[in-house]
Amino acid sequence: MPLQACPLCEKEISKRANTCPNCGEPDPFRYYSRKSWIERIVWTIVIAVIVIYSWVELLPMAIEALR
Ligand SMILES: [Zn+2]
């Protein structure tokens, strides 16, 4: 049975383990890919909010300033 260190608690656990028996992390070997996937969505939302905010708030101000 191949063993690999859990990315969270660094305890050697079975590669086939669906849940880390030490820290209880569900699906520990997909932890990093899942994290980067969530990070990408968070950044997309943050950038979208900044773009929408600048269009809604700053564009009328810019038009007003040019008058
Ligand atoms: Zn663990």
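**Reasoning from values to terms**

Mentor: In this predicted model, the side chain of Ser14 comes to 3.1 Å from the backbone nitrogen of Arg16.

Trainee: What makes this approach of the Ser14 side chain to the backbone nitrogen of Arg16 a polar contact?

Mentor: A polar contact requires a pair of N or O atoms within 3.5 Å. The value here is 3.1 Å, so the pair meets that distance limit.

Trainee: Why is Ser14 called buried?

Mentor: Buried means under 20% relative accessible area, and Ser14 has 15%, so the term applies. Ser14 belongs to strand S2, residues 12–14. Beyond its neighbours within four places in sequence, Ser14 is in contact with Met1, Pro2, Leu3 and Phe29.

Trainee: Which protein atoms are the donors of the zinc ion?

Mentor: They are the SG atoms of Cys6, Cys9, Cys20 and Cys23, lying 2.3 Å from the zinc ion. The cut-off for a donor is 2.8 Å from the metal, so these atoms qualify. Cys9 lies in the loop between strands S1 and S2, while Cys23 lies in the loop between S2 and helix H1, 14 residues apart.

Trainee: Why is the site of the zinc ion called tetrahedral?

Mentor: Four donors count as tetrahedral if all angles lie between 85 and 135 degrees. The angles here are 104 to 114°, so the site satisfies the criterion.

Trainee: Why do Cys9 and Cys23 count as partly exposed?

Mentor: Partly exposed lies between the 20% limit for buried and the 50% limit for exposed. Cys9 has 27% relative accessibility and Cys23 has 38%, so both receive that term.

Definitions and conventions. Residues are numbered from 1 along each chain as its sequence is written. This is a predicted model: local features need pLDDT of at least 70, side-chain atom pairs count only at pLDDT 80 or more; totals for chains, interfaces and linings use all residues. Side-chain values use heavy atoms; hydrogens and water are left out. Helices (H or I, at least four residues) and strands (E, at least two) are DSSP runs, numbered from the N terminus. Buried means under 20% relative accessible area, exposed over 50%, partly exposed in between (1.4 Å probe, protein chains only). A polar contact is a pair of N or O atoms within 3.5 Å; within protein, one must be able to donate a hydrogen and the other to accept it, and residues adjacent in sequence count only if both atoms are side-chain atoms. Contact means heavy atoms within 4.5 Å. Donors are N, O and S atoms within 2.8 Å of the metal (3.2 Å for Na, K and Ca); water is not among the atoms, so sites may look incomplete. Four donors count as tetrahedral if all angles lie between 85 and 135 degrees; four count as square planar and six as octahedral if opposite donors are over 155 degrees apart and all others between 65 and 115; anything else is irregular.
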